[in-house]
Amino acid sequence: MSKPSPSISALKIWLTGVFLGPVFFGLGFVFYDIVNQNEIVFTGFTDLSLTWGFMILYGGIFSLPSMLLLWFILSILSRFEPRQPVFLTTIFFTTLMLTVAPLYVFMGGGGIALAYLGAIWAGVYWAIYRPTALEISDTEEPLDAHL
């Protein structure tokens with residue numbers, strides 16, 4: 001885990017939720033149609049792209065207060081520098097509340113909340129975790145030294 005910048009991390013998490021949430025919701029909707037109706041109700045690519053665009057537009061606008069609150073919480077956490085389990089637990093609980101509570105109040109559905117929560121947690125993973133860099137060998141060492 002690396003120390004994330006609060007503003008960049010909040011922006012990454014928010015953008016992932018805004019753009020990937022509708023994709024996860026669409027995939028869940030298709031999976032639900034296959035399991036329950038044994039067919040896919042698909043009206044065409046233009047309707048799908050228009051719906052996805054509206055979900056991104058409205059999701060981006062209505063989730064701005066949640067992004068600002070997440071940025072505030074991340075900035076508080078970066079000042080106190082908690083240990084990794086406390087930091088991750090706080091971030092996951094915060095994103096759970098900031099995602100599920102508004103979607104239950106305004107949309108009344110659990111499926112869309114789970115889709116967006118999955119996208120948000122993918123954003124948390126993208127913002128916080130980075131692959132460990134390979135060990136950099138000495139520049140004086142020849143390229144075939146380890147062969």
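**Figure 1. Five helices and zero strands make up the protein chain.** This is a predicted model. Going along the sequence, the pattern reads α-α-α-α-α. The chain has 147 residues, and 31% of them count as buried. The next views zoom in on parts of this picture.

**Figure 2. A nonpolar patch sits on the surface.** Who's in it? Leu 11, Leu 15, Phe 19, Val 23, Phe 24, Leu 27 and Trp 52 form the patch, and together they have about 580 Å² of accessible area. Helix 1, which covers residues 6-37, gives the most to this patch, with six residues. Here's a handy bit of background: an α-helix has 3.6 residues a turn, so residues three or four places apart point the same way. Take Leu 11, one of the patch members, which is found in helix 1. Its relative accessibility is 36%, so Leu 11 counts as partly exposed, given that partly exposed runs between under 20% for buried and over 50% for exposed.

**Figure 3. Gly 28 of helix 1 is shown together with Leu 114.** Is Gly 28 buried or partly exposed? With 37% relative accessibility, Gly 28 counts as partly exposed. Now look across to Leu 114: along the sequence, Gly 28 and Leu 114 are 86 residues apart, but in space their C-alpha atoms are 9.4 Å apart.

**Figure 4. Helix 5 runs from residue 110 to residue 128.** How far should its 19 residues span? At 1.5 Å a residue, the expected span is 27 Å, and the C-alpha atoms at the two ends are 26 Å apart, so the two values agree. Plenty of names to find in this view: the buried residues of helix 5 are Ile 112, Ala 113, Ala 115, Tyr 116, Leu 117, Ala 119, Ile 120, Gly 123, Val 124, Ala 127 and Ile 128.

**Figure 5. Two residues of helix 4, Leu 96 and Ala 101, are each shown with a partner.** Start with Leu 96, which counts as partly exposed because its relative accessibility is 26%. Leu 96 and Gly 118 are 22 residues apart in sequence, and 9.7 Å separates their C-alpha atoms in space. Then there's Ala 101, also partly exposed, since its relative accessible area is 38%. The partner here is Ala 113: Ala 101 and Ala 113 are 12 residues apart in sequence and 8.5 Å apart in space, C-alpha to C-alpha. You've met Ala 113 already, as one of the buried residues of helix 5.

**Figure 6. The largest pocket holds about 650 Å³ of space.** How do you spot empty space in a protein? Rolling a probe the size of a water molecule over the atoms shows where it is left. Which residues lie nearest the centre of the largest pocket? Those are Gly 59, Phe 62, Ser 63, Pro 102 and Leu 103, out of 24 residues that line the pocket. The elements giving two or more residues to this lining are helix 1, helix 2 (45-62), helix 3 (64-80), helix 4 (84-106) and helix 5. Helix 4 supplies the largest share of the lining, with seven residues.

Notes
Residues are numbered from 1 along each chain as its sequence is written. This is a predicted model: local features need pLDDT of at least 70, side-chain atom pairs count only at pLDDT 80 or more; totals for chains, interfaces and linings use all residues. Side-chain values use heavy atoms; hydrogens and water are left out. Patches are made of residues with over 30% relative accessible area and no salt bridge: like charges are joined within 9 Å, nonpolar side chains (Val, Leu, Ile, Met, Phe, Trp, Tyr) within 5 Å. Accessible areas come from the Shrake-Rupley method with a 1.4 Å probe; for residues, only the protein chains shown count as cover. A salt bridge is a side-chain nitrogen of Lys or Arg within 4 Å of a carboxyl oxygen of Asp or Glu. Helices (H or I, at least four residues) and strands (E, at least two) are DSSP runs, numbered from the N terminus. Buried means under 20% relative accessible area, exposed over 50%, partly exposed in between (1.4 Å probe, protein chains only). The expected span of a helix is 1.5 Å times one less than its number of residues. On a 1 Å grid over the protein atoms alone, a cavity is a set of points where a 1.4 Å probe fits but cannot get out, and a pocket is an open set with protein on both sides within 12 Å along at least five of seven lines; lining residues have an atom within 4 Å of a point. Grid points are joined across faces, edges and corners, and a volume is the space filled by probe spheres set on the points.
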